[in-house]
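Hi,

Here is the structure I promised to pass on to you. Have a look at it first, and then read my notes underneath.

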Amino acid sequence: MADDEIKKTAANTSQEKLDRQVEAGTLFRADTLEELAVKVGMDPAVLVDTINKYNSYVDGGFDPEFHKDTFSLKVEKAPFYATPRKPAVHHTMGGLKIDTKAHVLEENDKPIKNLYAAGEVAGGIHAGNRLGGNALTDIFTFGRIAGKTAIDEMK
């Protein structure tokens, strides 16, 4: 959700790009929150109430619902924008701890016999946070290592 002021803070965008997205149906634009709610299939009263709460949290500097405290822009200047969203798994944080040969490790860092991991299920590669785009590298690299390790250890 954004308004005419917030959109100005978006990186790598322009009014032309926004217009193309609206035309393609991947972005919704409306002059009122109620109209926007209808376009995205929401009850207008719910969207207006949510935005009013959000704006009050900006005024207060804290969101008591979700404990968000890093925001400063209200949603108040038309036109308003919204994009369709749905839940998805982007990246699994944490996961099974592995060594450089893709062995899954016990709590004492001892390899568990015949148990290997690679890709999104493996943890410890990025420490406490993921590095965007690197999951594919993990999958290919540690998938290959896990396969080679498993073959070598079955001999």
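**What I found**

Let's start with a loop: Lys101 sits between β3 (96–97) and β4 (103–105). Please keep in mind that this is a predicted model. Lys101 is partly exposed, with a relative accessible area of 49%. Leaving aside residues up to four places away in sequence, Lys101 touches Tyr116, Ile145, Ala146 and Thr149. The C-alpha atoms of Lys101 and Tyr116 are separated by 8.4 Å, although their positions lie 15 residues apart along the chain.

Next, try finding helix α3 (residues 44–60). With 17 residues at 1.5 Å a residue, α3 should span 24 Å, and its end C-alpha atoms are indeed 24 Å apart. At its start, a side-chain oxygen of Asp43 comes to within 2.9 Å of the backbone nitrogen of Ala45. After α3 comes Gly61, with a positive phi near 80°. Which residues of α3 are buried? They are Leu47, Val48, Ile51, Asn55, Tyr57 and Val58, and α2 (33–39) is among the parts that cover them.

Finally, the salt bridges, which number 9. Glu5 pairs with Lys8, with the closest N and O atoms 3.2 Å apart, and Glu5 also meets Lys77 at 3.1 Å, N to O. Glu5 lies in the segment before α1 (15–24) and Lys77 in the loop between α3 and β2 (80–82), so this pair ties together parts that are 72 residues apart in sequence. Lys77 is partly exposed at 38% relative accessibility, while Lys8 counts as exposed at 56%.

Enjoy exploring!

Definitions and conventions: Residues are numbered from 1 along each chain as its sequence is written. This is a predicted model: local features need pLDDT of at least 70, side-chain atom pairs count only at pLDDT 80 or more; totals for chains, interfaces and linings use all residues. Side-chain values use heavy atoms; hydrogens and water are left out. Helices (H or I, at least four residues) and strands (E, at least two) are DSSP runs, numbered from the N terminus. The expected span of a helix is 1.5 Å times one less than its number of residues. Buried means under 20% relative accessible area, exposed over 50%, partly exposed in between (1.4 Å probe, protein chains only). Contact means heavy atoms within 4.5 Å. A polar contact is a pair of N or O atoms within 3.5 Å; within protein, one must be able to donate a hydrogen and the other to accept it, and residues adjacent in sequence count only if both atoms are side-chain atoms. A salt bridge is a side-chain nitrogen of Lys or Arg within 4 Å of a carboxyl oxygen of Asp or Glu.
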